[in-house]
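User: I am in my first year and still learning how to read a protein model. Could you take a close look at a single part with me, and then follow the links from that part to the rest?

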Amino acid sequence: MRTEIATLGEFGLIRHLTEGIELKNESSRYGVGDDAAVLSFPADREVLMTTDLLLEGVHFDLTYVPLKHLGYKSAVVNFSDIYAMNGTPRQITVSLGLSKRFSVEDMEALYAGIRLACEEYNVDIVGGDTTSSLTGLTISITCIGDVERGQAVYRNGAHETDLVCVSGDLGAAYMGLQLLEREKLALKDTQGDVQPDFAGREYLLERQLKPEARRDIIQKLREAGIRPTAMMDISDGLSSEMLHICTQSHVGCRIYEEHIPLDYQTAVMAEELNMNVTTCALNGGEDYELLFTVPIADHEKVSQMEGVKLIGHITKPELGCALITRDGQEFELKAQGWNHLGE
(Lines give C-alpha, C1' and ligand atoms only; values in the text may rest on other atoms or scores of the structure.)
Protein backbone atom coordinates (compact mmCIF):
# COMPACT_ATOMS: atom_id res chain seq x y z
CA MET A 1 0.00 0.00 0.00
CA ARG A 2 1.46 3.34 -1.05
CA THR A 3 -0.28 6.67 -0.59
CA GLU A 4 1.18 9.57 -2.56
CA ILE A 5 1.86 12.63 -0.42
CA ALA A 6 0.12 14.77 -3.06
CA THR A 7 -3.20 13.13 -2.17
CA LEU A 8 -3.06 14.72 1.29
CA GLY A 9 -1.27 17.97 0.43
CA GLU A 10 1.14 19.80 2.75
CA PHE A 11 -1.33 20.75 5.46
CA GLY A 12 -3.15 17.44 5.26
CA LEU A 13 0.15 15.60 5.73
CA ILE A 14 1.10 17.69 8.77
CA ARG A 15 -2.37 17.16 10.24
CA HIS A 16 -2.13 13.42 9.58
CA LEU A 17 1.33 13.08 11.15
CA THR A 18 0.61 15.20 14.23
CA GLU A 19 -2.91 14.11 15.12
CA GLY A 20 -3.38 12.89 18.66
CA ILE A 21 -0.36 14.73 20.05
CA GLU A 22 -1.00 15.70 23.67
CA LEU A 23 1.16 18.40 25.25
CA LYS A 24 2.92 17.26 28.43
CA ASN A 25 5.06 20.22 29.47
CA GLU A 26 3.64 23.21 31.35
CA SER A 27 5.75 25.51 29.18
CA SER A 28 3.90 24.27 26.06
CA ARG A 29 0.82 26.52 25.99
CA TYR A 30 -0.27 25.85 22.40
CA GLY A 31 1.25 23.46 19.87
CA VAL A 32 0.55 22.39 16.29
CA GLY A 33 -2.39 23.98 14.47
CA ASP A 34 -1.83 27.73 14.27
CA ASP A 35 0.64 30.19 12.75
CA ALA A 36 3.03 29.67 15.68
CA ALA A 37 3.34 27.66 18.87
CA VAL A 38 2.91 29.45 22.20
CA LEU A 39 5.45 28.74 24.94
CA SER A 40 5.74 30.20 28.42
CA PHE A 41 8.68 29.68 30.78
CA PRO A 42 8.91 30.67 34.47
CA ALA A 43 11.13 33.65 35.32
CA ASP A 44 13.57 31.44 37.24
CA ARG A 45 14.36 29.36 34.12
CA GLU A 46 16.54 30.23 31.13
CA VAL A 47 15.50 29.04 27.68
CA LEU A 48 17.86 26.88 25.61
CA MET A 49 17.56 26.35 21.86
CA THR A 50 19.41 24.12 19.40
CA THR A 51 18.85 23.08 15.80
CA ASP A 52 20.11 20.28 13.59
CA LEU A 53 19.95 19.71 9.84
CA LEU A 54 20.22 16.18 8.42
CA LEU A 55 20.64 15.59 4.68
CA GLU A 56 20.20 12.29 2.88
CA GLY A 57 23.48 11.16 1.37
CA VAL A 58 25.50 13.33 3.77
CA HIS A 59 24.28 12.40 7.25
CA PHE A 60 22.36 9.18 6.60
CA ASP A 61 21.96 6.42 4.02
CA LEU A 62 18.47 5.00 3.62
CA THR A 63 19.93 1.81 2.14
CA TYR A 64 20.43 0.57 5.69
CA VAL A 65 18.81 3.15 8.00
CA PRO A 66 15.13 2.36 8.72
CA LEU A 67 12.96 5.51 8.67
CA LYS A 68 11.61 4.87 12.17
CA HIS A 69 15.17 4.68 13.55
CA LEU A 70 16.09 7.80 11.62
CA GLY A 71 13.17 9.70 13.17
CA TYR A 72 14.14 8.56 16.67
CA LYS A 73 17.81 9.46 16.18
CA SER A 74 17.11 12.86 14.61
CA ALA A 75 15.09 13.86 17.70
CA VAL A 76 17.46 12.35 20.28
CA VAL A 77 20.60 14.10 18.94
CA ASN A 78 18.86 17.42 19.59
CA PHE A 79 17.84 16.38 23.11
CA SER A 80 21.49 15.50 23.70
CA ASP A 81 22.56 19.10 22.94
CA ILE A 82 20.13 20.42 25.55
CA TYR A 83 21.35 17.94 28.18
CA ALA A 84 24.93 18.97 27.33
CA MET A 85 24.00 22.49 28.51
CA ASN A 86 22.78 20.95 31.82
CA GLY A 87 19.20 21.60 30.70
CA THR A 88 15.98 19.67 30.04
CA PRO A 89 14.48 19.41 26.52
CA ARG A 90 10.80 20.47 26.41
CA GLN A 91 9.66 21.07 22.80
CA ILE A 92 10.69 20.33 19.21
CA THR A 93 9.64 21.53 15.79
CA VAL A 94 10.10 19.20 12.82
CA SER A 95 10.61 20.41 9.24
CA LEU A 96 10.92 18.00 6.31
CA GLY A 97 12.01 18.33 2.69
CA LEU A 98 10.55 15.40 0.69
CA SER A 99 11.14 14.15 -2.82
CA LYS A 100 8.42 12.35 -4.79
CA ARG A 101 9.83 8.92 -4.00
CA PHE A 102 8.54 9.17 -0.41
CA SER A 103 5.00 8.10 0.43
CA VAL A 104 2.65 8.97 3.28
CA GLU A 105 3.53 5.57 4.80
CA ASP A 106 7.24 6.48 4.75
CA MET A 107 6.50 9.68 6.65
CA GLU A 108 4.33 7.76 9.13
CA ALA A 109 7.36 5.54 9.88
CA LEU A 110 9.66 8.56 10.29
CA TYR A 111 7.18 10.33 12.56
CA ALA A 112 6.60 7.14 14.57
CA GLY A 113 10.29 7.29 15.51
CA ILE A 114 10.16 11.01 16.33
CA ARG A 115 7.03 10.56 18.44
CA LEU A 116 8.54 7.56 20.25
CA ALA A 117 11.62 9.65 21.17
CA CYS A 118 9.38 12.48 22.38
CA GLU A 119 7.35 10.09 24.55
CA GLU A 120 10.53 8.55 25.96
CA TYR A 121 12.06 11.93 26.87
CA ASN A 122 8.83 13.78 27.71
CA VAL A 123 9.19 16.33 24.89
CA ASP A 124 6.33 18.02 22.99
CA ILE A 125 6.12 18.34 19.20
CA VAL A 126 4.80 21.90 18.81
CA GLY A 127 5.23 22.69 15.12
CA GLY A 128 7.05 22.18 11.85
CA ASP A 129 6.80 22.38 8.10
CA THR A 130 7.00 20.20 5.01
CA THR A 131 8.10 21.14 1.51
CA SER A 132 9.04 19.35 -1.69
CA SER A 133 12.69 18.54 -2.32
CA LEU A 134 14.58 17.63 -5.49
CA THR A 135 17.39 15.88 -3.63
CA GLY A 136 15.84 13.25 -1.38
CA LEU A 137 15.04 13.65 2.30
CA THR A 138 16.00 16.63 4.46
CA ILE A 139 15.19 16.74 8.18
CA SER A 140 15.51 19.91 10.24
CA ILE A 141 14.70 19.73 13.94
CA THR A 142 14.78 22.59 16.42
CA CYS A 143 14.70 21.72 20.11
CA ILE A 144 13.80 24.12 22.91
CA GLY A 145 14.64 23.38 26.53
CA ASP A 146 15.17 25.12 29.81
CA VAL A 147 17.60 25.24 32.70
CA GLU A 148 17.49 26.80 36.14
CA ARG A 149 18.74 30.38 35.91
CA GLY A 150 22.52 30.48 36.34
CA GLN A 151 22.90 26.69 36.03
CA ALA A 152 23.64 26.36 32.29
CA VAL A 153 27.02 24.73 31.61
CA TYR A 154 29.08 26.05 28.69
CA ARG A 155 32.20 24.88 26.86
CA ASN A 156 34.29 27.74 28.24
CA GLY A 157 34.34 27.03 31.99
CA ALA A 158 37.14 24.46 32.39
CA HIS A 159 39.96 25.43 34.78
CA GLU A 160 43.47 24.16 35.38
CA THR A 161 43.46 21.01 37.60
CA ASP A 162 39.83 20.18 36.69
CA LEU A 163 39.22 16.48 36.00
CA VAL A 164 38.07 15.33 32.54
CA CYS A 165 35.22 12.79 32.55
CA VAL A 166 33.22 10.95 29.94
CA SER A 167 30.01 8.92 30.12
CA GLY A 168 29.46 5.46 28.64
CA ASP A 169 31.91 4.10 26.09
CA LEU A 170 33.32 5.51 22.84
CA GLY A 171 33.78 4.38 19.26
CA ALA A 172 30.85 1.95 19.10
CA ALA A 173 28.66 4.15 16.85
CA TYR A 174 31.53 4.57 14.38
CA MET A 175 32.13 0.81 14.36
CA GLY A 176 28.42 0.30 13.74
CA LEU A 177 28.66 2.61 10.72
CA GLN A 178 31.69 0.69 9.40
CA LEU A 179 29.79 -2.57 9.80
CA LEU A 180 26.74 -1.27 7.91
CA GLU A 181 28.90 0.17 5.13
CA ARG A 182 30.80 -3.12 4.81
CA GLU A 183 27.60 -5.16 4.55
CA LYS A 184 26.15 -2.69 2.04
CA LEU A 185 29.19 -3.22 -0.21
CA ALA A 186 29.14 -7.00 0.29
CA LEU A 187 25.46 -7.26 -0.66
CA LYS A 188 25.74 -4.90 -3.64
CA ASP A 189 26.76 -7.63 -6.09
CA THR A 190 24.72 -10.49 -4.62
CA GLN A 191 21.52 -11.79 -6.13
CA GLY A 192 18.40 -13.00 -4.31
CA ASP A 193 17.48 -12.88 -0.67
CA VAL A 194 20.87 -12.74 1.05
CA GLN A 195 20.67 -11.29 4.57
CA PRO A 196 23.57 -9.54 6.32
CA ASP A 197 24.94 -11.32 9.38
CA PHE A 198 25.05 -8.99 12.40
CA ALA A 199 25.19 -11.68 15.11
CA GLY A 200 27.33 -10.56 18.04
CA ARG A 201 27.39 -6.99 16.74
CA GLU A 202 23.98 -5.83 17.96
CA TYR A 203 25.38 -3.25 20.38
CA LEU A 204 27.34 -1.53 17.59
CA LEU A 205 24.24 -1.30 15.39
CA GLU A 206 22.15 0.05 18.25
CA ARG A 207 24.72 2.76 19.00
CA GLN A 208 24.69 3.86 15.36
CA LEU A 209 20.99 3.50 14.53
CA LYS A 210 19.29 4.24 17.86
CA PRO A 211 21.51 6.34 20.14
CA GLU A 212 20.22 7.65 23.46
CA ALA A 213 20.77 11.04 25.10
CA ARG A 214 22.41 10.82 28.54
CA ARG A 215 19.61 12.27 30.64
CA ASP A 216 20.53 9.72 33.33
CA ILE A 217 24.05 11.17 33.75
CA ILE A 218 22.70 14.73 34.11
CA GLN A 219 20.33 13.42 36.79
CA LYS A 220 23.15 11.62 38.64
CA LEU A 221 25.34 14.75 38.59
CA ARG A 222 22.49 16.83 40.03
CA GLU A 223 21.79 14.27 42.73
CA ALA A 224 25.49 14.19 43.67
CA GLY A 225 25.59 17.99 43.85
CA ILE A 226 28.15 18.19 41.04
CA ARG A 227 27.92 21.04 38.53
CA PRO A 228 30.37 20.48 35.66
CA THR A 229 32.62 23.43 34.85
CA ALA A 230 32.38 22.69 31.10
CA MET A 231 30.40 20.15 29.09
CA MET A 232 29.67 18.97 25.53
CA ASP A 233 28.08 15.97 23.91
CA ILE A 234 30.32 13.85 21.71
CA SER A 235 28.94 14.12 18.19
CA ASP A 236 32.18 14.63 16.21
CA GLY A 237 34.60 12.55 18.30
CA LEU A 238 36.36 12.89 21.66
CA SER A 239 39.42 14.70 20.22
CA SER A 240 37.36 17.33 18.44
CA GLU A 241 35.10 18.03 21.44
CA MET A 242 38.03 18.11 23.90
CA LEU A 243 39.77 20.69 21.72
CA HIS A 244 36.58 22.79 21.62
CA ILE A 245 36.49 22.85 25.42
CA CYS A 246 40.22 23.63 25.72
CA THR A 247 40.13 26.36 23.06
CA GLN A 248 37.09 28.09 24.52
CA SER A 249 38.32 27.70 28.12
CA HIS A 250 41.90 28.78 27.24
CA VAL A 251 43.43 25.68 28.84
CA GLY A 252 45.36 22.54 27.89
CA CYS A 253 44.65 18.90 28.75
CA ARG A 254 46.12 15.45 29.24
CA ILE A 255 43.94 12.50 28.16
CA TYR A 256 45.10 8.99 29.06
CA GLU A 257 44.61 6.29 26.43
CA GLU A 258 44.32 3.51 29.03
CA HIS A 259 41.32 5.23 30.64
CA ILE A 260 39.26 5.79 27.45
CA PRO A 261 36.19 3.53 27.90
CA LEU A 262 35.69 0.93 25.15
CA ASP A 263 33.10 -1.80 24.67
CA TYR A 264 34.30 -5.31 23.87
CA GLN A 265 32.36 -5.41 20.56
CA THR A 266 34.07 -2.14 19.52
CA ALA A 267 37.53 -3.60 20.15
CA VAL A 268 36.73 -6.84 18.29
CA MET A 269 35.28 -5.00 15.29
CA ALA A 270 38.26 -2.61 15.09
CA GLU A 271 40.65 -5.57 15.08
CA GLU A 272 38.58 -7.30 12.38
CA LEU A 273 38.75 -4.17 10.19
CA ASN A 274 42.45 -3.65 10.98
CA MET A 275 41.73 -0.27 12.58
CA ASN A 276 43.26 1.26 15.70
CA VAL A 277 40.54 1.16 18.35
CA THR A 278 41.86 4.25 20.18
CA THR A 279 41.76 6.24 16.93
CA CYS A 280 38.14 5.12 16.45
CA ALA A 281 37.25 6.21 20.00
CA LEU A 282 39.00 9.58 19.58
CA ASN A 283 37.72 10.47 16.13
CA GLY A 284 34.68 8.29 15.35
CA GLY A 285 31.87 10.55 16.53
CA GLU A 286 28.11 10.01 16.88
CA ASP A 287 28.48 8.51 20.37
CA TYR A 288 26.32 11.26 21.98
CA GLU A 289 28.02 10.60 25.29
CA LEU A 290 28.77 13.52 27.60
CA LEU A 291 32.28 14.94 27.92
CA PHE A 292 32.63 17.18 30.97
CA THR A 293 35.08 18.68 33.43
CA VAL A 294 34.61 18.89 37.19
CA PRO A 295 36.63 20.52 39.99
CA ILE A 296 39.27 18.24 41.54
CA ALA A 297 37.36 18.51 44.85
CA ASP A 298 34.64 16.31 43.24
CA HIS A 299 37.14 13.50 42.53
CA GLU A 300 35.70 11.04 45.04
CA LYS A 301 32.06 11.68 44.07
CA VAL A 302 32.64 11.41 40.33
CA SER A 303 34.92 8.36 40.54
CA GLN A 304 32.13 6.46 42.32
CA MET A 305 29.52 7.41 39.73
CA GLU A 306 28.31 4.47 37.65
CA GLY A 307 28.57 5.07 33.90
CA VAL A 308 31.21 7.80 34.23
CA LYS A 309 34.93 7.37 33.56
CA LEU A 310 37.73 9.73 34.58
CA ILE A 311 40.00 10.02 31.52
CA GLY A 312 42.35 12.93 32.21
CA HIS A 313 42.83 16.42 33.59
CA ILE A 314 43.01 20.06 32.53
CA THR A 315 46.42 21.78 32.42
CA LYS A 316 47.95 25.20 31.77
CA PRO A 317 47.30 26.39 28.19
CA GLU A 318 51.03 26.45 27.30
CA LEU A 319 51.25 22.68 27.88
CA GLY A 320 48.85 22.12 24.96
CA CYS A 321 46.41 19.25 24.47
CA ALA A 322 47.93 15.78 24.50
CA LEU A 323 47.08 12.08 24.53
CA ILE A 324 49.26 9.97 26.83
CA THR A 325 49.56 6.48 25.29
CA ARG A 326 49.59 3.21 27.22
CA ASP A 327 53.39 3.16 27.04
CA GLY A 328 53.72 6.73 28.32
CA GLN A 329 54.35 8.56 25.05
CA GLU A 330 52.80 11.97 24.51
CA PHE A 331 51.04 12.87 21.25
CA GLU A 332 49.35 16.11 20.31
CA LEU A 333 45.55 15.74 20.32
CA LYS A 334 44.19 16.55 16.86
CA ALA A 335 40.63 17.07 15.68
CA GLN A 336 40.21 14.41 13.04
CA GLY A 337 36.51 13.92 13.60
CA TRP A 338 34.19 13.89 10.63
CA ASN A 339 33.79 17.36 9.14
CA HIS A 340 30.73 17.51 6.86
CA LEU A 341 32.01 20.65 5.12
CA GLY A 342 35.51 19.30 4.57
CA GLU A 343 34.55 16.20 2.63
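User: Which residue stands opposite Met-49 in S6?

Analyst: In this predicted model, the residue of S6 that stands opposite Met-49 is Ile-144.

Let us stay with that strand for a while. Strand S6 covers residues 138-148, and 9 of its 11 residues are buried, so that the strand is mostly covered. Two strands pair with S6: strand S3, residues 45-55, is joined to S6 by 11 bridges and runs antiparallel to it, while strand S4, residues 88-98, is joined to S6 by 9 bridges, again in the antiparallel sense. In the pairing with S4, Ser-95 is the residue that stands opposite Ser-140 in S6.

One residue of this strand deserves a slower reading. Thr-138 lies in strand S6, and its relative accessible area is 19%, which is why Thr-138 counts as buried, the cut-off being under 20%. If its neighbours within four places in sequence are left aside, Thr-138 is in contact with Leu-53, Leu-54, Leu-55, Ser-95, Leu-96 and Gly-97.

A similar reading can be made in a helix. Gln-265 is placed in helix H8, residues 264-272, and with a relative accessible area of 18% Gln-265 is buried. Residues up to four places away in sequence not being counted, Gln-265 touches Gly-200, Arg-201, Glu-202, Tyr-203 and Leu-204.

Next comes a pair of helices. Helix H2, residues 67-83, has 17 residues and reaches 25 Å from its first C-alpha to its last, which is close to the 24 Å expected at 1.5 Å a residue. Of these 17 residues 14 are buried, and H2 is thus described as mostly covered. Two packed helices are described by the angle between their axes and the distance between the axes. Here the axes of H2 and helix H3, residues 104-121, come within 6 Å and cross at roughly 35°, and the crossing is right-handed. The residues of H2 that take part include Leu-70, Gly-71, Ala-75 and Phe-79, and those of H3 that they meet include Ala-109, Gly-113, Ile-114 and Ala-117. Sorted by class, the contact of H2 with H3 has 15 nonpolar, 3 polar and 3 charged residues.

Finally, there is an open sheet of 7 strands, which follow one another in the order S8-S10-S7-S11-S9-S12-S13 with mixed pairing. Strand S8 (230-233) and strand S13 (330-332) stand at the edges, and because each has a single partner strand, one side of each is left without a neighbour in the sheet. Neighbouring strands of this sheet are turned by 25° against each other on average, with direction ignored. Within the sheet, strand S9, residues 252-256, pairs with strand S11, residues 308-315, in the antiparallel sense over 4 bridges, and Arg-254 stands opposite His-313 in S11. Helix H6, residues 215-223, packs on this sheet, where it touches strand S7 (163-167), S8, strand S10 (290-294) and S11, and its direction makes about 15° with that of S10. Helix H7, residues 238-249, packs on the sheet as well, touching S7, S8, S9, S10, S11 and strand S12 (321-324), and the direction of H7 makes about 150° with that of S8.

How values were computed:
Residues numbered from 1 in each chain as written. Predicted model: local features only at pLDDT ≥ 70, side-chain atom pairs only at ≥ 80, totals over all residues. Heavy atoms only, no water. Axes fitted to C-alpha atoms, helices over the stretch in contact; angles between N-to-C directions. Left-handed = near helix turned anticlockwise from the far one by under 90°. Contact = heavy atoms within 4.5 Å. Nonpolar A, V, L, I, M, F, W, Y, C, P; charged D, E, K, R; others polar. Pairing = 2+ DSSP bridges. Expected span 1.5 Å × (residues − 1). Buried < 20%, exposed > 50% of the residue type's maximum accessible area, 1.4 Å probe, protein only.
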